[in-house]
Amino acid sequence: MTGKPVLSLGEILIDLIASDESTSLESVSSLDVRPGGAPANAAVALARLGEPSAFCGVVGTDPFGNRMVNALATEDVNVAALRQEAGANTSIAFAWKNLRGDGEFRILRMADVLLDSSDIERAAIHNSAAIVVGSVSLTAEPSRSAVYLAVELAKRASVPVCFDANIRPSLWSDRAEMARICGPVLQQADLIKLSLDDANALFGEAQNGSEVIDGLTTELCTFVVVTDGARGTWFSSRKNGTLAAPVLVPSFEVNAVDPTGAGDAFTAALVSRLMANRWRTLSKVDVQFASAAGALATTKRGAMASLPTASEVQAFLGNQL
């Protein structure tokens, strides 16, 4: 792969995923150990889709940290900005499915929060094709300030910013704090991608993605996408200074096994399509491509192992449309 990479930055961790059918962490009896973290998953997904990909984050010098570095490097993700902090422990997340079949998570924060301004400076954001950030790194310092700096440098260099909200309510004290801290990134993102659950946590209850998009007050974002699992995806693009009427794209029916990583596959595929469109347009076809990537990711145990390639997505779409 050649060209400027899409830089994903933020949390990188080990997922401990429920391997039984428990719908509560209280009743889980066994766990699978897998590499994860939403931005790290997105970096791998982008590489599998054929995009030059890089990652910036922090793991420990422990065995899990070594595992994460190897997992990304094996997938052709540039790990020059992935730091191993001596004496630190790599972060861990527990994942399971709720009664609706959607993913639930609880994260033990360790090395990932150590992301700082020096890491961002080494990541050469000005030489990136786009950056992908999320909200988890905004919940602690110094990683919060590091993300703010990354977004500032990206805007200064005219590098598109994707904000995949990826809200984890257990990491926030209340909605007011969440809105205040996520606000600066929401206001500067070129692409805002949320699940309906993310949006409800941030903004209050909405019936669907259309209501979420209609209620957004950001003046800078060009594209907004709101996913709602099997219930479909709403999207809108800014035209003549305002967001156009939201459009619903139906989801694809698959035999879902594990939702972990599906949202990251969706985000990466969406960014890949916007890259192909030079960040000028977003169409129903683009959202269908992203939806197919997300749907395929649910058909295998995740997260990274389930992320599809571009040819797999195209083959799936050929059978569906």
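1. Start with Leu72. In this predicted model, and skipping neighbours within four places in sequence, Leu72 is in contact with Ile12, Ala40, Val44, Phe55, Val77, Val79, Leu82 and Met304.

2. Leu72 also shows up in the bigger picture: along with Leu191 and Val271, Leu72 has the most contacts inside the largest nonpolar core, a set of 54 residues. If you're wondering which element gives the most to this core, that's α8, with nine residues. As background, nonpolar side chains in soluble globular proteins tend to be buried together.

3. There is another core to look at, lying apart from that one. This other core has 52 residues, and Cys56, Val147, Leu186 and Ile192 are among them.

4. On to the rings. The count of aromatic pairs comes to one. The partners are Phe252 and Phe316, with ring centres 5.4 Å apart and planes at 80 degrees; anything over 60 counts as edge-to-face, so that's what this pair is.

5. Where do Phe252 and Phe316 lie? Phe252 is in the loop between β14 (247-249) and α8 (262-276), while Phe316 belongs to helix α10 (residues 310-320), so the pair ties together parts that are 64 residues apart in sequence.

6. Are these two rings' residues buried or exposed? Phe252 is buried, at a relative accessible area of 13%, and Phe316 is buried too, at 12%. The cut-off for buried is under 20%, so each of these values qualifies.

7. One last ring to check: Phe289 has the charged end of Arg273 sitting over it, 5.3 Å from the ring centre.

How values were computed:
Residues are numbered from 1 along each chain as its sequence is written. This is a predicted model: local features need pLDDT of at least 70, side-chain atom pairs count only at pLDDT 80 or more; totals for chains, interfaces and linings use all residues. Side-chain values use heavy atoms; hydrogens and water are left out. Rings of Phe, Tyr and Trp (its six-membered ring) pair if their centres lie within 6.5 Å; planes under 30 degrees apart count as stacked, over 60 as edge-to-face and the rest as tilted. Helices (H or I, at least four residues) and strands (E, at least two) are DSSP runs, numbered from the N terminus. Buried means under 20% relative accessible area, exposed over 50%, partly exposed in between (1.4 Å probe, protein chains only). A charge sits over a ring if NZ of Lys or CZ of Arg is within 6 Å of the ring centre and within 35 degrees of the ring normal. A nonpolar core is a set of buried Ala, Val, Leu, Ile, Met, Phe, Trp, Tyr and Cys residues joined through side-chain atoms within 4.5 Å. Contact means heavy atoms within 4.5 Å.
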